[in-house]
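Work through the exercises below with the sequence and the model side by side, and try each task before reading its solution.

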Amino acid sequence: LLALRWSGAAAGRALRFGLPLLPHALAAIAMVQADRFLIGQQLGLDEAGIYAVAMQLALPVVIVADSLNRAFTPWLYRELSEGDRDIALAVSALGVAGAIVGTALLVGIAFACVPIILGDRFAEAAGLLIWLGPAVAAQAAYYIFVNFIFYSERNGLIPVVTGSAALAYVGFGYLAVQHYGAFGLATVYSLVSLVQTVAIFWVARTVFPMPWFSRAAYSRGFRFIGARLWS
């Protein structure tokens, strides 16, 4: 049932799409793993453990955002292929708003519950989570914006952004830990994540123009959503 035949054009297209994601994946790993080294080497394993707990507390938002995005992406690409950009824009905006609200709820719940569940020793993790919150919201929004770059098949621009973000995080994070401890690193992580998401948004807006700042486009999109929900 399988007919194997070589297509140089298809192989080239696959390589152009996939190869740029390798350095992007390495940069993402560096962003996630660097904190253990930066804090563990300078502040000790106890502080590294508390920071790791704070990162784990922030993880549910990222997991939920990634899962929802995997379901959202096929729908988004279908809408874009059919020319329904307004509704795609409106749903994307709802996703960004949901990321912000979800992160705020998680931080509030964790701040109240961590000292009770984990004890006073890990109470500092709840405080760190407040500074990690913007990073978590930015990562969730990143998933939405990067979809438009994937759709345009201009993936070569992604590792430029994520690689620069990883280098900035390691460099500024090292200095921040020296002067401000774990809270300094959490602040740098949030700042770098926010800048990275803004840069990805700018790239997405460049390679696949969307009316992100058009009130009329959002109005049409939300009307389409309402019509589909009630149909």
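**Exercise 1. Describe the lining of the largest pocket, beginning with the classes of its residues.**

Step 1. Sorted by class, the lining of the largest pocket in this predicted model holds 13 nonpolar, 6 polar and 1 charged residues.

Step 2. The volume of the largest pocket is about 530 Å³, and among the 20 residues that line it, those closest to the centre are A28, V32, Q139, Y143 and Y189.

Step 3. To place this lining along the chain, look at α2 (21–43), α3 (45–81), α5 (123–152) and α6 (158–207), each of which supplies at least two residues; α2 gives the most, with 6 residues.

**Exercise 2. Describe the second largest pocket in the same order of steps.**

Step 1. By class, 13 nonpolar and 5 polar residues make up the lining of the second largest pocket, with no charged residues.

Step 2. The space in the second largest pocket comes to about 370 Å³, and of its 18 lining residues, A65, L68, G95, G98 and A99 lie nearest the centre.

Step 3. Two or more residues of this lining come from each of α3, α4 (85–118) and α5, and α4 provides the largest share, 8 residues.

**Exercise 3. Find which residues of the largest nonpolar core touch the most other members, and follow W212 to its contacts.**

Step 1. The largest nonpolar core has 43 residues, and F145, F148, I149 and W212 are those that touch the most other members.

Step 2. The elements giving two or more residues to this core are α3, α4, α5, α6 and α7 (215–230), with α5 contributing the largest share, 12 residues.

Step 3. Leaving aside residues up to four places away in sequence, W212 touches L89, S92, F145, F148, F201, R205 and Y218.

Step 4. There is also a second, separate core of 25 residues, which includes I39, A48, L128 and A166.

**Exercise 4. Decide whether D86 is buried or exposed, and find the partner of its side chain in a polar contact.**

Step 1. Begin by locating D86, which is found in helix α4.

Step 2. The relative accessibility of D86 is 13%, and the cut-off for a buried residue is under 20%, so D86 counts as buried.

Step 3. The side chain of D86 is joined to that of R220 by a polar contact of 2.6 Å.

Step 4. With residues up to four places away in sequence not counted, D86 touches P211, A217, R220, G221 and F224, so that R220 appears both in this list and as the polar partner.

Methods
Residues numbered from 1 in each chain as written. Predicted model: local features only at pLDDT ≥ 70, side-chain atom pairs only at ≥ 80, totals over all residues. Heavy atoms only, no water. 1 Å grid on protein atoms, 1.4 Å probe; cavity = no way out; pocket = protein on both sides within 12 Å on 5 of 7 lines; lining within 4 Å. Points joined across faces, edges and corners; volume = space filled by probe spheres on them. Helix = DSSP H or I, 4+ residues; strand = E, 2+ residues; numbered from the N terminus. Nonpolar A, V, L, I, M, F, W, Y, C, P; charged D, E, K, R; others polar. Core = buried A, V, L, I, M, F, W, Y, C linked by side-chain atoms within 4.5 Å. Buried < 20%, exposed > 50% of the residue type's maximum accessible area, 1.4 Å probe, protein only. Contact = heavy atoms within 4.5 Å. Polar contact = N/O pair within 3.5 Å; in protein donor to acceptor, adjacent residues only side chain to side chain.
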